[in-house]
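Please open the structure in your viewer and keep the sequence beside it, so that each stop on this tour can be selected in turn.

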Amino acid sequence: MYIHFCEEDGCKEWGSWGNSASPAGATRWWCFEHFPHKSYEQEQALRRKLEAAEHGNIVQ
Ligand SMILES: [Zn+2]
């Protein structure tokens, strides 16, 4: 098993989102929050999730 955590400084999240600049290049990993290659829709979904958590109104 290859172990990879989010490469953002200070972030201890699991890096489940990978991206490599080229097929030969090393893959870099981030958690969903720090992943720099999200689509617009993924960005909006994350923003809504963070806002909901901030206001403490997560629907169980
Ligand atoms: Zn992270």
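Does Arg 47 count as buried, partly exposed or exposed, and at what relative accessibility? Select Arg 47 in this predicted model, and you will be looking at a residue that counts as partly exposed, at 43% relative accessibility.

Next, add Glu 43 to the selection, which forms a salt bridge with Arg 47, the closest N and O atoms being 3.5 Å apart. Both residues lie in helix α1, which covers residues 40-54, and they are 4 residues apart, about one turn of the helix. Glu 43 also counts as partly exposed, in its case at 27% relative accessibility. As general background, side chains of opposite charge can pair when their charged atoms come close.

By the distance rule for such pairs, the count comes to 2 salt bridges, and for the other stop you should select Arg 28 together with Glu 7, whose side chains meet at 2.4 Å, N to O. Arg 28 lies in strand β2 (residues 28-30) while Glu 7 lies in the segment before β1 (17-19), so this pair ties together parts that are 21 residues apart in sequence. Arg 28 is partly exposed, with a relative accessible area of 45%, and Glu 7 is partly exposed as well, with a value of 35%.

Finally, select Trp 14, which is placed in the segment before β1 and is partly exposed, with a relative accessible area of 39%. Add Ile 3 and Phe 5 to the selection, and you will see the three residues that form a nonpolar patch on the surface, with about 340 Å² of accessible area together.

Methods: Residues numbered from 1 in each chain as written. Predicted model: local features only at pLDDT ≥ 70, side-chain atom pairs only at ≥ 80, totals over all residues. Heavy atoms only, no water. Salt bridge = Lys/Arg side-chain N within 4 Å of Asp/Glu carboxyl O. Helix = DSSP H or I, 4+ residues; strand = E, 2+ residues; numbered from the N terminus. Buried < 20%, exposed > 50% of the residue type's maximum accessible area, 1.4 Å probe, protein only. Patch = residues over 30% accessible without salt bridge, like charges linked within 9 Å, V, L, I, M, F, W, Y side chains within 5 Å. Areas by Shrake-Rupley, 256 points an atom, 1.4 Å probe, with all protein chains shown as cover.
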